[in-house]
Amino acid sequence: MPRFPRLVGIATAAVALAALAAAPTAAEVPTLTDPRVVEHFDFAAGQTPESIALEPDGSANVTFAFARQIARLAPHQEPRILAELPAVTRPDAPVTGAPVATGIARAQDGTLYVNYATGTKLTGVWRVNPKTHTARQIACLPKTGFPNGLALDERHGVLYAADSVLGTVWRTPTKVGSRGCAKPTAWATGTKLQPPTAPAEALGANGVKVRHGAVWVSNVDKGLLLRIPVKKDSTAGPIETRATGLRGIDDFEFTGRDNTVLAALVYSSEVAAVRPNGTHEIVLTARDGLSNPTSVAIHGKTVYIPSAAFFTMKNPNLLLATLNKHHR
């Protein structure tokens, strides 16, 4: 993995910020029980699960970052490769050097959208046909950027891609014409989205979710969870800081109707439960089987957590746990 391990040193040097408010009672934090690793992957083959999007039946679609693949995971079955993004002759992706498949989002009709970072004109958002599983580039992003997390607002027909190097949230339509690919809008920018140091050595905006008229974004090396309102004219409102001190926060998921979040902390191999007031508590660790977790998904009471093993280089896997209800 060219240049990728250098992030370990940057992460270690990051300064953890203080929590926003005093912690409420532990009963207000969701608890995770019965953690179990249900799939082990081949690190040497590039099977490093970066992002996850669930099917209605609970099957999981994941991006195998360094294999450039989109795979379907189902209980008691071997991973099924749905699509493979095209090889790159002279890749020069920031941070990794190698081309990587990153964020993934699923539409109701089964269409999958995937970010691809290559350092070439192939960098952007790709669409995978739900029937033929063919992949087509629908959005062209700067080759100097690193599109990471991806979120779909199907109601408005747009996608939001978090760029970890350029510190930008890109906005692009899901439908494009037959010619070429769309040039997305730089929807949100600012210091809260940028890496804390040189972009070639650190990551900024990472995970992204659309929720209740806002786009939520994590900043991995600044340890921030951010909320960006979507204004009536579809432009971005002021960036709000909702939580700090989340060193290594990658992608995340909301647990229910309130704004409680389960966040993957990639460097420390932990999952944090982040309360609506910004305080947080660690609910899973490496002892439970995590190995650099990268994202979180929830189906009913089941929590899915892929571990990519980017830094441990051991035991990339998919871990499941049971989400217990909030006690209010």
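## A tour of the strands, salt bridges and largest pocket

Begin by selecting strand S15, where Ala 214, Trp 216 and Ser 218 point to one side while Val 215, Val 217 and Asn 219 point to the other, and all of them are buried. Buried here means under 20% relative accessible area, exposed means over 50%, and partly exposed is what lies in between, with a 1.4 Å probe and protein chains only. The model is a predicted one, in which local features need pLDDT of at least 70 and side-chain atom pairs count only at pLDDT 80 or more, whereas totals for chains, interfaces and linings use all residues. Residues are numbered from 1 along each chain as its sequence is written, and side-chain values use heavy atoms, with hydrogens and water left out.

**Around S15**

Strand S15 covers residues 214-219, and 6 of its 6 residues are buried. Strands (E, at least two residues) and helices (H or I, at least four) are DSSP runs, numbered from the N terminus, and two strands pair if DSSP finds at least two bridges between them. Select S14 next: S14 and S15 pair in the antiparallel sense over 5 bridges, with Lys 209 opposite Trp 216 in S15. In the hairpin that these two strands form, 2 residues lie between the strands, and His 212 takes a positive phi near 50 degrees.

Then move to S16, which pairs with S15 in the antiparallel sense over 6 bridges; here Asn 219 stands opposite Leu 224 in S16. The hairpin of S15 and S16 has 4 residues between the strands, and Gly 223 in the turn has a positive phi of about 65 degrees.

**Salt bridges**

The structure holds 8 salt bridges, a salt bridge being a side-chain nitrogen of Lys or Arg within 4 Å of a carboxyl oxygen of Asp or Glu. Select Lys 209 again, now together with Asp 251: the two form a salt bridge whose closest N and O atoms are 3.0 Å apart. Asp 251 lies in strand S18 and Lys 209 in strand S14, so the pair ties together parts that are 42 residues apart in sequence. Asp 251 is buried at 6% relative accessibility, and Lys 209 is buried with a relative accessible area of 16%.

From S16, display Arg 227, whose side chain meets that of Glu 240 in a salt bridge (3.3 Å, N to O). Since Arg 227 lies in strand S16 (residues 224-229) and Glu 240 in strand S17 (residues 240-243), the pair ties together parts that are 13 residues apart in sequence. Arg 227 is buried, with a relative accessible area of 17%, whereas Glu 240 counts as partly exposed at 26% relative accessibility.

Next, select Arg 72 and Glu 55, whose side chains meet in a salt bridge (3.5 Å, N to O). This pair links distant parts of the chain, with Arg 72 in strand S4 (residues 69-73) and Glu 55 in the loop between S2 and strand S3 (60-64), 17 residues apart. Glu 55 is buried, with a relative accessible area of 12%. Adding Arg 106 to the selection shows a network of salt bridges that links Glu 55, Arg 72 and Arg 106.

**The largest pocket**

Arg 106 also leads to the largest pocket, since 28 residues line this pocket and Ala 53, Arg 106, Leu 152, Lys 209 and Glu 253 are those nearest its centre. A pocket is an open set of points on a 1 Å grid over the protein atoms alone, where a 1.4 Å probe fits, with protein on both sides within 12 Å along at least five of seven lines; lining residues have an atom within 4 Å of a point. The elements that give two or more residues to the lining are strands S2 (49-54), S6, S10 (147-153), S14 (205-211), S18 (249-254) and S22 (297-299).

**The sheet S6-S7-S8-S9**

Select S6 and its sheet, in which 4 strands form an open sheet in the order S6-S7-S8-S9 with antiparallel pairing. The edge strands, each pairing on one side only, are S6 (100-106) and S9 (135-140). Strand S8 (residues 124-128) pairs with S9 in the antiparallel sense over 5 bridges, and the bridge partner of Trp 126 in S9 is Gln 137.

**Around S20**

Finish at strand S20 (residues 270-274), where 4 of the 5 residues are buried, so the strand is largely enclosed by the rest of the structure. Strand S19 (residues 261-265) runs antiparallel to S20 and is joined to it by 5 bridges, with Glu 270 in S20 as the bridge partner of Leu 265. In the hairpin of S19 and S20, Ser 269 takes a positive phi near 55 degrees. With strand S21 (residues 280-284), S20 pairs in the antiparallel sense over 4 bridges, and Ala 273 stands opposite Glu 281 in S21. The hairpin of S20 and S21 has 5 residues between the strands, and Gly 278 in the turn has a positive phi of about 100 degrees.
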